[in-house]
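Student: Could we go through this model together, asking at each step why a word applies? I would like to see the value and the cut-off side by side.

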Amino acid sequence: MKLAAAEASTGVRKRHGGPFGAVIVRSGRVAARAHNAVIKTCDPTAHAEITAIRKASAKLKTFDLSGAELYTTCEPCPMCLAAILWARIGRVYFGCTRRDAEKIGFRDNLFYEKMRVRIRPGGIRLIPLGRRECLKVFREWADTLDKVRY
């Protein structure tokens with residue numbers, strides 16, 4: 001989770017996007033790490049989790065990330081949950097909650113409500129971990145005066 005938080009902080013400092021970082025580990029090794037790049041790429045799908053999945057798949061030369069674990073600074077949004085399911089990642093550790101994200105201006109909870117997504121997506125274990133550390137990056141984002149809100 002420390003690597004995910006560091007990645008998120010890098011993205012915030014570079015003004016690439018919000019305080020979201022993700023790391024994919026497979027067989028005890030880091031397969032990919034990424035941060036949110038929505039602002040940098042002008043791509044609303046450039047969430048940390050999706051970018052990390054793309055990088056891990058390219059590095060490992062497979063779309064099937066079974067056995068991999070994903071560490072992310074925030075509870076994945078419904079779009080990212082779908083990508084995690086498609087990638088067959090079975091275990092996701094997350095720091096902050098969607099309600100934490102809502103407090104700093106993100107709409108994840110709105111999408112959960114509109115899509116009526118339940119927190120029990122089949123095949124994925126969602127495990128809270130390292131919230132205190134991830135909240136530091138959320139505060140870093142909140143304290144950034146010249147951020148682009150999206």
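Tutor: We begin with a definition: two strands are said to pair if DSSP finds at least two bridges between them. Please keep in mind throughout that this is a predicted model.

Student: What makes β1 and β2 a pair of strands?

Tutor: Six bridges join strand β1, residues 21–26, to strand β2, residues 29–35, and the definition asks for at least two, so the two strands count as paired. They run antiparallel, and within β2 the bridge partner of G21 is H35, while the bridge partner of A22 is A34.

Student: What lies between β1 and β2 in their hairpin?

Tutor: Two residues lie between the strands of this hairpin, and S27 in the turn has a positive phi of about 55 degrees.

Student: How do you know that β1 also pairs with β3?

Tutor: The same test is applied: four bridges join β1 to strand β3, residues 69–74, and at least two are required, so β1 and β3 pair as well. This pairing is antiparallel too, and V23 has Y71 as its bridge partner in β3. Strand β1 is also mostly covered, since five of its six residues are buried.

Student: Why is T51 called buried?

Tutor: T51 has a relative accessible area of 18%, and buried means under 20%, so T51 falls on the buried side of the cut-off. This residue lies in helix α3, and when residues up to four places away in sequence are not counted, T51 touches A34 and A46. A34 is the residue named earlier as the bridge partner of A22.

Student: Why does Y112 count as buried?

Tutor: Y112, which is found in helix α6, has a relative accessibility of 2%, and because the limit is 20%, the word buried applies here as well. Along the chain Y112 and Y71 are 41 residues apart, and their C-alpha atoms are separated by 20 Å.

Student: Is C42 buried or exposed, and why?

Tutor: C42 has a relative accessible area of 71%, and exposed means over 50%, so C42 is called exposed. Its place is the loop between α2 (38–41) and α3.

Student: Why is R88 called partly exposed?

Tutor: The relative accessible area of R88 is 45%, which is neither under 20% nor over 50%, so the term in between applies. R88 lies in the loop between α4 and β4.

Student: What makes the phi angles of C42 and R88 worth pointing out?

Tutor: Most residues other than glycine have a negative phi. C42 is not a glycine, and its phi is positive, near 55 degrees; R88 is not a glycine either, and its phi is about 65 degrees. R88 follows α4, and R15, just after α1, likewise takes a positive phi of about 65 degrees.

Student: How do you know that the span of α1 is close to the expected one?

Tutor: Helix α1, residues 2–13, has 12 residues and reaches 16 Å from its first C-alpha to its last, which is close to the 16 Å expected at 1.5 Å a residue. Its buried residues are A4, A5, E7, A8, S9, G11 and V12, and what covers them includes β1, β2, β3 and α7.

Student: What do the buried residues of α4 pack against?

Tutor: In α4 the buried residues are P78, C80, L81, A83, I84 and A87, and they pack against α3, β3, β4, α6 and β5.

Student: Which residues line the largest pocket, and of what kinds are they?

Tutor: The lining has 20 residues, of which P44, H47, C77, D108 and F111 lie nearest the centre of the pocket. The lining divides into 14 nonpolar, two polar and four charged residues; Cys and Pro count as nonpolar and Asp as charged, so C77 and P44 belong to the nonpolar group and D108 to the charged one. Helices α3, α4 and α6 each supply at least two lining residues, and the pocket holds about 420 Å³ of space.

Technical notes
Residues numbered from 1 in each chain as written. Predicted model: local features only at pLDDT ≥ 70, side-chain atom pairs only at ≥ 80, totals over all residues. Heavy atoms only, no water. 1 Å grid on protein atoms, 1.4 Å probe; cavity = no way out; pocket = protein on both sides within 12 Å on 5 of 7 lines; lining within 4 Å. Points joined across faces, edges and corners; volume = space filled by probe spheres on them. Buried < 20%, exposed > 50% of the residue type's maximum accessible area, 1.4 Å probe, protein only. Contact = heavy atoms within 4.5 Å. Expected span 1.5 Å × (residues − 1).
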